[in-house]
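Got your viewer open and a selection box ready? Load the model below and follow along, one stop at a time.

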Amino acid sequence: MRDQVLDAFAGPGVSPDPTARHNRWPTEDTGHDGKRLTAAAVLVPLVSHSRGMTVLLTRRTDTLRDHAGQISFPGGRKQASDGSPEATALRETEEEIGLPPDRFEIAGRMNAHDTGTGYRVMPVVGLLVPPFEVVPDPREVAEVFEVPLYFVLDPANHRFETRIRHGSEQQFAVLPYKDRYIWGLTARLLKELSEVLRR
């Protein structure tokens with residue numbers, strides 16, 4: 001499966017469509033509110049177990065200002081010292097769950113996505129080989145868990161739900177797994193990952 005994942009992406013530092021405006025990083029674009037979007041990156045860690053590959057996810061603590069309690073990938077906003085989305089994603093991963101950059105083999109990037117909270121997020125896909133020990137930062141991460149990749153790849157597990165938000169109907173991507181409710185950007189990225197890997 002490792003080779004299939006590597007073949008599905010264009011390689012480290014390459015987006016699916018590097019010329020697309022939304023894949024420029026860092027961005028100078030503005031969001032719906034007219035404010036400049038903040039460049040951010042997440043790591044999409046794929047764990048190569050002998051029994052099959054999984055996707056590693058985190059659940060954010062309930063005390064965070066943005067996206068409290070939500071399931072997410074490790075990541076965050078670009079810092080001045082970060083020269084690439086890979087640098088941001090790997091730095092944030094080490095800060096949040098204690099896995100150093102040299103534990104990951106970078107496969108490539110997915111398309112950047114804008115969030116309602118003002119971020120343009122570049123997803124970076126990385127392969128991780130066990131054994132490893134996560135050390136969650138208790139200020140940011142309440143839980144680290146894994147979802148089987150076969151579950152993510154099954155289109156029947158992905159759906160959209162409609163909610164009223166700020167007085168209007170909005171659709172959200174959803175990927176429920178056991179007792180965990182994966183939604184929003186994380187579900188969108190998992191849906192895109194499944195589409196890329198099924199091609």
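Start by selecting Pro-26, which sits in the loop between helix H1 (2–8) and E1. Keep in mind that this is a predicted model. Now turn to the peptide bond that leads from Trp-25 into Pro-26: it's cis, with omega near 0°.

There's another cis bond to look at. Jump to the loop between E7 and E8, where you'll find Pro-131. The peptide bond joining Pro-130 and Pro-131 is cis, with an omega of about 0°.

Next, select residues 85–97, helix H2. How far does H2 reach from its first C-alpha to its last? Put a distance label on those two atoms and you should get 18 Å for the 13 residues, close to the 18 Å expected at 1.5 Å a residue.

Colour H2 by accessibility and you'll see that the helix is mostly covered, with 10 of its 13 residues buried. Among them are Pro-85, Thr-88, Ala-89, Leu-90, Arg-91 and Ile-97. The buried set also includes Glu-86, Glu-92 and Glu-96.

What do the buried residues of H2 pack against? Show the strands: E1 (38–49), E2 (52–60), E4 (75–77), E5 (104–109), E7 (119–128) and E8 (141–148) are the partners. Before leaving, step just past the end of H2 to Gly-98, which takes a positive phi of about 80°.

Now go to residues 168–177 and 180–183, which are strands E10 and E11. The two pair in the antiparallel sense over four bridges. To see how they line up, pick Val-174 in one and Trp-183 in E11, which stand opposite each other. E10 and E11 form a hairpin with two residues between them.

Zoom in on that turn and select Lys-178. Its phi is positive, about 55°, although the residue is not a glycine. Is the Lys-178 residue buried or exposed? It's exposed, with a relative accessible area of 70%.

For the last stop, switch on a pocket display and pick the second largest pocket, which has a volume of about 160 Å³. Of the 13 residues that line this pocket, the closest to its centre are Ala-8, Pro-16, Glu-192, Val-196 and Arg-199. Add helix H4 (residues 184–198) to the selection: it gives the largest share of the lining, three residues. Colour the lining by class and you'll get seven nonpolar, two polar and four charged residues.

Notes: Residues numbered from 1 in each chain as written. Predicted model: local features only at pLDDT ≥ 70, side-chain atom pairs only at ≥ 80, totals over all residues. Heavy atoms only, no water. Pairing = 2+ DSSP bridges. Expected span 1.5 Å × (residues − 1). Buried < 20%, exposed > 50% of the residue type's maximum accessible area, 1.4 Å probe, protein only. Contact = heavy atoms within 4.5 Å. 1 Å grid on protein atoms, 1.4 Å probe; cavity = no way out; pocket = protein on both sides within 12 Å on 5 of 7 lines; lining within 4 Å. Points joined across faces, edges and corners; volume = space filled by probe spheres on them. Nonpolar A, V, L, I, M, F, W, Y, C, P; charged D, E, K, R; others polar.
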